[in-house]
Amino acid sequence: MLTLDKVYKASHLLKSVARYTDMIESNGLTDDCQLRLKAENLQLTGSFKLRGAFFKIANLPPDDREIVACSAGNHSQGVSLAAGKLHRKAVIFMPSIAPISKVEATKKLGAEVHLVDGVYDDAYLAAEKYCREHDSIFVHPFDDEDVIAGQGSIALEVLEQFPDVDTVLVPVGGGGLVSGVAFTLKQLKPDCKVYGVQAEGAPGMCKAFAEKQGVTLAKVSTFADGIAVKTPGTLTRELCCKYVDGIVTVSDDEIATAILTLMEKQKLVAEGAGAVGVAAVLAKKLDLTGKNVCAVVSGGNIDVNILSRVINRGLLSSGRVAELKIAMLDKPGQLREVSSIIADRGANVIQVRHDPGGEHADIIGCFLHIKMETRNFEQLKQIRQALAAAGYQLLN
């Protein structure tokens, strides 16, 4: 059984391995609530997963059997580091879509890595088969009491660092983190609300929570690879239904905006899965007015190859970058006038493209494509209104 004593035992054991991560006051991310960030992205392996993995492996029988795990990246690094410290061999199965940075980081920690075509669930089936064939020990990334207890150690730190907390937002994939945090908080501070946050494109636990039964999604679609899980855990579902107060979802655009905001205002790098709690706050998915809120930033292992795309998406979805397509007559002075209208309202043109009119356009017409930096959607609205008032036809 999962017990509070087991969580305390995990916390004590982890003191020599895992960082006691910072609780950071947010720098104007929201005016609705007192928001603080539990920075598990600053953990040794870049995510909270080290906690559950180490506690689980530390409690295994002391033999020479291989430790096997499957993961999109964060659990694999946690298991690899824990296995190395406890002198065990780790064999990790990862989906082929896992970021290269996570694959390489896992290898550098000493694990033998097998890439499997598909998503996390496909890697899970391959890992299970390997365990049966090699008599290995499987360390589940979330549906395991010891793993959940290890993740629950975060809740003990949250209460120590933020005693007045009354709401905690936790990322959800398979449910190990939110189960451990919710179980622990409800034992020690029953009135504290715990909400899970999932990506819209991978809402498995959200559906399971609502339907109170097991769910397997036909597919998942989100760049938040750390929580892209088709089938949430059985044990974690039961714990969520008992201890979690609700689960909400956020879009990929909202996640991208949260990543960008954390970088700009907090100087924190979060991966998609790690930023969903902050995304829920920024997108006002819950009424948090006047609350003392902790958002667990669960990981920071974002692939630098997609970071620029995420930043660009965040700029677009928050109104910080905008693109206009304007139909006009092709005559001298048009670009100067358009640029003046934009500049007079404080925006900055960063890219211009001129295209001749198409087959059905005016014979002397053209299209002007303008990309510009803006402060927010309100400024963009003012620019669009000014261009329309000057007689320009906006096509987007």
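Okay, helix 2, residues 49-58: this one is mostly covered, with 9 of its 10 residues buried. Buried here is under 20% relative accessible area, exposed is over 50%, and partly exposed sits in between, with a 1.4 Å probe and protein chains only. The buried ones are Lys49, Leu50, Arg51, Gly52, Ala53, Phe54, Phe55, Lys56 and Ile57. What covers them? Helix 1, strand 3 (67-70), helix 3 (74-85) and helix 6 are included in the cover. Contact means heavy atoms within 4.5 Å.

Quick caveats. This is a predicted model, where local features need pLDDT of at least 70 and side-chain atom pairs count only at pLDDT 80 or more, while totals for chains, interfaces and linings use all residues. Residues are numbered from 1 along each chain as its sequence is written, and side-chain values use heavy atoms, with hydrogens and water left out.

Zooming out, the protein has 14 helices and 14 strands. Those are DSSP runs numbered from the N terminus, H or I of at least four residues for helices and E of at least two for strands. Of the 396 residues, 56% count as buried. The C-alpha trace spans about 80 × 45 × 40 Å along its principal axes. And among contacts between residues at least 6 apart in sequence, 73% join residues at least 24 apart.

Now the sheet. There's an open sheet of 6 strands, in the order 1-2-10-7-8-9, with mixed pairing. Which strands are at the edges? Strand 1 (23-25) and strand 9 (246-250), each pairing on one side only. Two strands pair if DSSP finds at least two bridges between them. Neighbouring strands are turned by 25° against each other on average, direction ignored. For angles generally, axes are lines fitted to C-alpha atoms, for helices over the stretch in contact, and values run from 0 to 180 degrees between N-to-C directions.

Let's stay with strand 9. It runs parallel to strand 8 (residues 193-199), and 5 bridges join the two. Tyr195 stands opposite Gly246, and Gly196 has Ile247 as its bridge partner. Even as an edge strand, strand 9 has 4 of its 5 residues buried, so it is largely enclosed by the rest of the structure.

Two helices lie across this sheet. Helix 10 (residues 252-266) crosses strand 1, strand 2 (34-39), strand 8 and strand 9, at about 85° to strand 9. Helix 11 (residues 272-282) lies across strand 2, strand 7 (167-171), strand 8, strand 9 and strand 10 (292-297), running at about 155° to strand 10.

Helix 10 and helix 11 also turn up in the largest pocket, each supplying at least two lining residues. How much space is in there? About 260 Å³. On the method: a pocket is an open set of points on a 1 Å grid over the protein atoms alone, with protein on both sides within 12 Å along at least five of seven lines, and lining residues have an atom within 4 Å of a point. Volume is the space filled by probe spheres set on the points, which are joined across faces, edges and corners. Of the 13 lining residues, Thr257, Thr261, Leu282, Ser317 and Ser318 are closest to the centre. Helix 10 gives the most, 6 residues.

Last one: the second largest pocket, at about 220 Å³. Closest to its centre, out of 13 lining residues, are Ser11, Lys15, Tyr20, Glu157 and Glu160. Helix 6 (145-161) has the largest share of that lining, 4 residues.

Definitions and conventions: On a 1 Å grid over the protein atoms alone, a cavity is a set of points where a 1.4 Å probe fits but cannot get out, and a pocket is an open set with protein on both sides within 12 Å along at least five of seven lines; lining residues have an atom within 4 Å of a point.
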